[in-house]
There are 4 protein chains.
Amino acid sequence: MTAYFPNVDKVKYEGTSTNNPLAFRHYDPEQKILGKSMAEHLRFAACYWHNFCWDGADIFGQPTFNRPWLAGENDMQAAKAKADVAFEFFEKSSIPYYCFHDTDVAPQGNSIDEYINNFSEMVDVLEAKQASSGVKLLWGTANLFSHPRYAAGAATSPDPEVFSFGATQVVHAMNATKRLGGENYVLWGGREGYESLLNTDLRQEREQFGRFMQMVVEHKYKIGFTGTLLIEPKPQEPTKHQYDYDSATVYGFLKQFGLENEFKVNIEANHATLAGHSFHHEIATAISLGIFGSVDANRGDAQNGWDTDQFPMDVSELTLVMYEILKSGGFTTGGFNFDTKLRRQSTSPDDLLLAHIGGMDSLALALKKAAKLIENDFLAEKIKQRYSGWNTDLGKQISDGQFTLESLANHATSKGFSPSISSGQQEYLENQVNGVLFD
Amino acid sequence: MTAYFPNVDKVKYEGTSTNNPLAFRHYDPEQKILGKSMAEHLRFAACYWHNFCWDGADIFGQPTFNRPWLAGENDMQAAKAKADVAFEFFEKSSIPYYCFHDTDVAPQGNSIDEYINNFSEMVDVLEAKQASSGVKLLWGTANLFSHPRYAAGAATSPDPEVFSFGATQVVHAMNATKRLGGENYVLWGGREGYESLLNTDLRQEREQFGRFMQMVVEHKYKIGFTGTLLIEPKPQEPTKHQYDYDSATVYGFLKQFGLENEFKVNIEANHATLAGHSFHHEIATAISLGIFGSVDANRGDAQNGWDTDQFPMDVSELTLVMYEILKSGGFTTGGFNFDTKLRRQSTSPDDLLLAHIGGMDSLALALKKAAKLIENDFLAEKIKQRYSGWNTDLGKQISDGQFTLESLANHATSKGFSPSISSGQQEYLENQVNGVLFD
Amino acid sequence: MTAYFPNVDKVKYEGTSTNNPLAFRHYDPEQKILGKSMAEHLRFAACYWHNFCWDGADIFGQPTFNRPWLAGENDMQAAKAKADVAFEFFEKSSIPYYCFHDTDVAPQGNSIDEYINNFSEMVDVLEAKQASSGVKLLWGTANLFSHPRYAAGAATSPDPEVFSFGATQVVHAMNATKRLGGENYVLWGGREGYESLLNTDLRQEREQFGRFMQMVVEHKYKIGFTGTLLIEPKPQEPTKHQYDYDSATVYGFLKQFGLENEFKVNIEANHATLAGHSFHHEIATAISLGIFGSVDANRGDAQNGWDTDQFPMDVSELTLVMYEILKSGGFTTGGFNFDTKLRRQSTSPDDLLLAHIGGMDSLALALKKAAKLIENDFLAEKIKQRYSGWNTDLGKQISDGQFTLESLANHATSKGFSPSISSGQQEYLENQVNGVLFD
Amino acid sequence: MTAYFPNVDKVKYEGTSTNNPLAFRHYDPEQKILGKSMAEHLRFAACYWHNFCWDGADIFGQPTFNRPWLAGENDMQAAKAKADVAFEFFEKSSIPYYCFHDTDVAPQGNSIDEYINNFSEMVDVLEAKQASSGVKLLWGTANLFSHPRYAAGAATSPDPEVFSFGATQVVHAMNATKRLGGENYVLWGGREGYESLLNTDLRQEREQFGRFMQMVVEHKYKIGFTGTLLIEPKPQEPTKHQYDYDSATVYGFLKQFGLENEFKVNIEANHATLAGHSFHHEIATAISLGIFGSVDANRGDAQNGWDTDQFPMDVSELTLVMYEILKSGGFTTGGFNFDTKLRRQSTSPDDLLLAHIGGMDSLALALKKAAKLIENDFLAEKIKQRYSGWNTDLGKQISDGQFTLESLANHATSKGFSPSISSGQQEYLENQVNGVLFD
């Protein structure tokens with residue numbers, strides 16, 4: 001087989017003086033930042049689906065990419081050709097991890113048996129390829145949204161046979177993830193939502209969803225999978241409303257079913273913005289709730305109301321995201337997975353490399369700048385000073401539960417409290433952050 | 001004192017044949033619907049703030065309403081004149097309940113003592129007016145967002161003195177609510193959120209917020225207030241992001257602090273749409289989570305990104321909302337409060353009456369149509385049939401925890417499950433609903 | 001061939017007392033409203049594309065509909081089977097008109113010659129079917145957005161060969177439309193926009209677009225097509241930004257190229273809302289600019305940021321739209337085309353009938369209610385009274401250009417003008433409209 | 001009088017090594033970029049309204065800023081104190097221009113005469129202050145939206161007396177602008193729109209608006225004002241819908257009334273995003289239509305649906321905007337006016353300086369980076385190559401009108417055109433731009 005990416009052997013760090021567009025200008029895997037290598041900090045992964053399963057079609061248009069391996073989409077030969085290209089890409093792009101859905105890597109087949117056999121055979125292929133290439137699995141997942149059986153959801157389907165089929169896929173995908181050394185297992189409930197409240201029983205579907213997730217946890221322990229379970233929030237699309245709307249919503253769901261210590265979230269930038277939040281907000285919120293796990297690194301279009309899954313290029317935003325992650329201790333099992341799509345006109349094989357290089361360099365640069373923010377941490381200093389009242393006697397006594405509402409009111413009244421605000425200094429802090437970003 | 005609404009003595013039900021715009025066409029308080037009177041079902045309330053404290057100013061423009069009682073905004077005389085007009089309105093409009101913030105009814109004063117004295121004096125006034133008019137209090141609340149001290153939040157302020165001042169107001173507002181026979185007490189955290197993540201400690205603010213709410217619950221029991229505590233979700237405005245984003249977010253917050261049995265939500269239609277949800281969604285979600293309490297009945301503008309607080313006039317939407325409420329057993333302590341603003345050009349005193357009449361008639365009509373939906377409940381029938389698989393052995397065994405993920409997968413595989421979807425019949429159901437709405 | 005819709009012979013008007021879901025409750029084609037039959041007023045059309053070319057796939061999921069005629073998608077035999085089903089549907093649903101893209105009805109082929117031959121052969125088929133069924137063509141159009149050659153636009157492509165291919169399709173589609181008695185010809189510029197400003201020359205693309213439209217006009221006259229040319233505005237999707245953003249934008253484009261008397265707009269409800277406008281706004285704006293032509297009757301989801309193309313069911317909104325259309329004199333060559341998609345779970349053949357029946361009944365009901373609005377036209381009366389100042393001497397002299405800015409200022413100053421506003425009575429008018437809608 | 005900004009004498013350029021937050025790190029007025037000084041390129045202006053007329057109130061909260069000069073808001077003494085602070089600020093901040101509304105600088109008075117006299121007196125004051133300080137006027141404007149008389153619009157008011165009052169203000173504001181050497185005159189139609197279509201005559205209001213603008217043009221010539229007339233688009237807020245929605249809409253309006261050579265647009269970043277466009281889009285669109293004039297430099301919040309008017313800090317976005325402006329030849333009479341508000345918690349006087357410094361430095365940096373983009377103009381190169389087909393014979397003949405639709409179709413068919421797309425290279429270009437931004 002000939003190479004699909006003939007123009008490069010392996011993308012390497014060449015620094016900002018290079019004119020080679022197929023080189024890294026900032027991502028130097030071995031470079032140490034705050035005591036860890038860039039590779040250890042960033043833990044990049046490429047996705048199987050958009051890169052190797054998507055043909056460039058959109059809802060109004062036919063394929064544009066002309067990927068040769070997609071010609072025989074449903075046979076095992078095509079699946080193997082696809083795996084060849086995928087691993088050629090992972091190796092050449094210097095991306096250490098990958099992520100996949102069961103049906104990305106193997107044909108779904110025409111029956112539950114065919115599904116199992118196809119997938120099993122392809123897991124052997126992947127295992128061999130991982131071994132020979134050194135590429136590792138960041139996470140695996142099961143696709144419970146593309147097949148027509150899942151049109152009304154999987155765990156939340158009105159039909160328990162659909163729930164059961166979904167359970168079957170998840171068992172096999174979890175087992176495969178364990179076998180392939182995956183560091184996380186992801187659940188994205190793409191159809192776990194509703195199209196219309198007229199035909200939907202919200203309480204029933206929530207109970208089903210809770211039970212499903214409990215079964216997933218039990219299975220994790222049963223098979224001894226030591227990775228992290230991740231739920232990926234998304235507010236809508238393909239459904240009108242999706243139950244895993246955002247991190248705060250997922251947190252409430254986890255609390256209801258006693259799962260808050262079993263799952264973390266895989267936050268996708270574009271899902272954050274579709275939910276009406278900034279990417280930064282979702283990261284900071286998940287961290288503050290203790291459920292931050294991993295990131296699907298991409299970006300949406302601020303003017304378009306659907307998942308554009310563009311490559312993350314906004315270094316300013318990524319720096320603040322990286323700052324939060326570093327401050328929380330950095331990734332443990334998580335990483336930055338590029339859940340990203342080429343633009344439909346980016347039809348050259350090199351575009352796939354160039355786009356990932358851009359994303360990796362942007363995050364590497366964000367890492368460097370976030371480290372600079374931490375070295376002279378005026379943000380932490382400002383916050384410490386701003387909330388300093390909570391370290392006074394009054395603040396501590398309130399926090400410690402020594403006041404009732406009434407005793408506190410009496411205290412305030414007897415003291416004649418007349419607090420005024422001091423400047424929040426938002427613009428000053430923005431200036432300072434820009435200084436770190438651009439000077 | 002002369003009447004501010006001289007054109008009407010009391011708005012009465014006259015039926016659809018009337019030409020009198022100052023009469024109800026649908027709201028007949030005594031009419032029985034599904035065994036209860038309309039008044040008992042709908043439990044209408046008018047708000048003090050938009051109706052009697054707002055002068056028609058918006059962020060780009062000066063007052064247009066020329067309300068005579070607002071001339072001396074900060075003195076007690078003006079507060080009493082305001083109360084006169086308010087109760088004239090409540091009585092004439094046939095609205096049985098009202099709602100208020102502490103600083104709507106009394107001048108905030110220049111110190112904590114003045115605040116307490118002013119408010120206390122006005123509670124006496126309100127008590128007398130309630131007694132003479134028969135108007136009742138649906139809920140009271142404290143305004144913890146307008147005074148500059150709350151610019152950075154109240155419970156979530158970086159300054160514990162601000163927290164304490166907020167606690168003081170809440171104590172007095174809760175006590176007043178109890179004394180005035182209020183059936184609920186509401187907390188809307190208008191500034192409990194952030195303007196910028198750069199100067200915000202999310203975890204710290206969440207802890208403060210949780211402690212504050214626990215103190216509110218403790219005070220409720222201490223004073224023997226038997227009404228319902230309500231949190232009112234809103235996603236943003238005035239802040240960039242508000243912590244009580246929507247019902248699902250509030251649920252997670254309540255679960256974290258062990259408060260899920262102590263609070264319910266007061267859902268505002270316009271807040272739902274600002275959060276990216278339909279009004280119907282928020283109602284159905286809160287019911288499904290067991291936290292539905294009361295409603296701020298208004299509507300937003302689908303093209304404008306701020307709280308327009310228009311009167312609820314979309315009978316189709318209100319019918320589905322009413323259907324959900326009826327199916328859940330109807331209001332207990334809650335009701336429909338018109339948290340609604342006149343348009344800035346609606347400068348005639350009659351406009352205030354006309355607008356409320358329109359809202360009340362729309363909801364009364366929605367009640368009648370929702371009752372018709374329930375009498376021949378094809379929606380419930382469809383849902384029952386759609387989820388019927390969960391009453392089979394397979395469904396029950398899954399729900400009851402008799403399957404592990406693996407045993408279910410084995411079961412599905414051995415049976416060769418190959419489920420297909422049956423029609424969700426969304427369009428058919430929409431047709432049927434339109435039939436009930438319009439035939 | 002067996003029928004695809006075996007459960008109905010022809011959908012008929014049965015009135016609101018019917019229990020037959022496959023009957024009209026409001027659409028009685030012969031019923032006279034304001035002197036014209038409902039059929040003449042509403043001029044319903046069904047679309048070829050969503051109904052007969054779409055398989056239920058969405059961007060995250062595979063086909064759900066199992067349409068037998070789509071099996072051999074690219075051959076002429078399949079195209080003829082599709083036409084059989086389409087005309088079976090048109091006849092059985094009592095929809096008098098249809099609309100199509102060239103590549104809906106004929107395979108696009110592998111070359112420009114194949115395209116021409118396939119299309120030509122299918123136009124013969126359509127002509128025969130129209131003759132035998134009495135179904136008429138509301139409008140034809142050319143699909144210049146699905147084939148990969150159009151990924152960067154058609155008229156606005158950077159490649160003049162793509163422009164030329166587009167011109168070829170439009171020539172053939174216009175000629176076919178004329179031959180089939182089409183009453184309009186539509187241009188929807190699905191890819192006439194940009195994905196990124198970084199690689200786009202806006203001025204160049206606009207010039208190309210203007211020239212293309214001029215060529216279309218010239219061709220219309222050359223072939224003696226007497227129908228109306230229509231541009232269909234859409235703000236985005238599939239592109240990031242589409243040049244025909246909304247009616248006001250199209251108007252400016254037409255003015256620039258001297259085309260404002262040659263084109264009208266085909267307004268789609270869901271495109272209006274994606275552009276940040278209400279459907280009502282777009283209709284009223286197009287009428288006020290003199291460019292209203294036809295309607296793609298559907299609805300979007302207020303919470304979803306993409307084209308959901310649901311069936312129009314909101315009778316309240318449709319009544320105001322219908323009111324504007326009636327006041328402007330009604331459709332001439334235009335009509336209500338259902339550019340509507342079933343929900344992906346609506347997998348039964350009957351769903352296609354039920355959905356169109358719901359849309360037709362909703363518009364028929366809106367027509368009846370709009371006629372009632374006009375019979376006692378309090379809206380016109382209010383507007384007449386509200387703007388009456390413009391019929392005074394002052395108003396007329398300003399309008400007639402008798403004042404300069406300065407002479408008017410002097411006049412205002414010398415008279416000491418001190419105008420105040422009178423009530424806009426928005427809530428009163430909303431109440432009155434609800435009275436017409438629901439009483 | 002004591003200084004309001006005592007901590008600084010004059011903000012100066014100190015370069016990126018400074019630790020002084022009250023210094024410029026990038027804005028060096030005299031530094032030459034592409035042959036012109038930074039000051040000549042950027043033409044910064046500060047606004048009178050947000051800085052000196054706003055007290056920190058928002059729609060849910062009371063003033064927070066405690067500006068001493070606002071105490072006696074309606075008297076001339078207060079207006080003069082305000083002017084003192086304003087010019088202290090202009091001088092200290094090193095901003096060469098300012099902008100004002102008539103009623104920012106003078107009390108509106110209680111009659112048309114008082115308005116005229118107050119304003120006239122304050123123009124004398126401003127003239128003297130300009131002379132002594134060297135601060136210049138970028139543009140003047142009249143506030144036709146705050147006073148209650150304008151609740152239903154000014155030029156588009158249903159009342160011709162309101163139109164006349166508006167004309168009076170514009171005459172005086174234009175005359176003052178001329179006298180003060182203003183380089184532009186701006187019209188922002190804050191209430192030229194509608195709240196409800198139920199009481200609005202769109203065609204009538206458009207005619208009024210057109211006539212008003214024609215009168216403005218006539219007056220410009222009459223008084224010999226040689227500056228530029230600017231319309232400022234905004235889609236909504238305060239009204240539900242504003243007629244000057246965006247640049248493309250304004251262009252259509254100008255064309256209808258023959259005004260396209262008389263007006264240019266003043267583009268505000270936050271108005272662009274409220275209209276569903278990127279800031280970059282609005283700039284590029286206005287330039288491509290030949291109507292680009294000036295910029296209100298600010299930013300909105302991507303998650304909030306109202307005008308937050310924050311300071312522009314996104315250097316990446318500003319660089320692309322600056323690139324477009326430089327490529328179009330740069331500003332002539334226009335400039336960057338900071339139509340920006342402090343956050344409500346930014347209560348220190350220094351915050352006003354810091355915020356402007358941040359905005360100025362961000363734009364100065366954007367200018368430097370845009371110049372770098374132009375020095376090695378790979379974007380222009382890519383566009384030239386991408387559209388090169390339009391310089392071939394085929395492209396030129398199409399552009400020159402040598403083809404009819406039919407002759408082009410025949411040409412395409414006879415040649416057997418089968419165009420395919422080449423890569424749009426969007427990701428590559430994004431990488432290259434990031435290289436310029438961050439390397």
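Reader: By what turn and shift can chain A be laid on chain B?

Author: In general, two copies of a chain are related by a rotation about an axis and a shift along it. In this predicted model, a turn of 180° and a shift of 0.0 Å along the axis lay chain A on chain B with an RMSD of 0.0 Å; the superposition is by least squares on the C-alpha atoms of residues with pLDDT of at least 70 in both copies. The two copies are thus related as by a two-fold rotation axis. Within chain A, Gly252(A) has the C-alpha nearest the axis, 1.7 Å from it.

Reader: What conventions apply to the numbering and to the values?

Author: Residues are numbered from 1 along each chain as its sequence is written, and chains are lettered from A and ligands numbered from 1 in the order in which they are written. Because the model is predicted, local features need pLDDT of at least 70 and side-chain atom pairs count only at pLDDT 80 or more, while totals for chains, interfaces and linings use all residues; side-chain values use heavy atoms, with hydrogens and water left out.

Reader: How many residues does the contact take from chain A and from chain B?

Author: Contact means heavy atoms within 4.5 Å. Chain A gives 91 residues and chain B gives 91 residues. Of the interface residues of chain A, 100% are also interface residues in chain B, so the copies meet through the same surface.

Reader: What area is buried between chain A and chain B?

Author: Buried area is the accessible area (1.4 Å probe) that two parts lose on being put together, summed over both. For chain A and chain B this is about 7900 Å², with 65% from carbon and sulfur atoms. On the side of chain A, Leu198(A), Asn199(A) and Leu405(A) lose the most area to chain B, together 11% of what that side buries.

Reader: How many salt bridges are counted between chain A and chain B?

Author: A salt bridge is a side-chain nitrogen of Lys or Arg within 4 Å of a carboxyl oxygen of Asp or Glu. The count here is 2. One salt bridge joins Glu406(A) and Lys222(B), whose closest N and O atoms are 2.3 Å apart.

Reader: Which residues of chain D supply the most area against chain A?

Author: They are Gln303(D), Glu427(D) and Phe438(D), which supply 19% of the area that chain D buries against chain A, more than any other three residues. In this interface, 47 residues of chain D are in contact with 47 residues of chain A. The two chains bury about 3400 Å² between them, 49% of it on carbon and sulfur atoms.

Reader: How many salt bridges are found across the interface of chain D and chain A?

Author: The rule finds 4. Glu430(D) and Arg299(A) form a salt bridge, with the closest N and O atoms 3.0 Å apart. Helix 16 of chain D gives the most to the side that touches chain A, with 9 residues; helices (H or I, at least four residues) and strands (E, at least two) are DSSP runs, numbered from the N terminus.

Reader: Is Asn337(A) buried or exposed?

Author: Buried means under 20% relative accessible area, exposed over 50%, and partly exposed in between (1.4 Å probe, protein chains only). Asn337(A) is buried, because its relative accessible area is 0%. Asn337(A) lies in strand 12 (residues 336-338) of chain A. Not counting residues up to four places away in sequence, Asn337(A) touches several residues, including Trp49(A), Cys99(A), Trp139(A) and Asp296(A). Another of the residues touched by Asn337(A) is Cys47(A); the C-alpha atoms of Asn337(A) and Cys47(A) are separated by 6.8 Å, though these residues are 290 residues apart along the chain.
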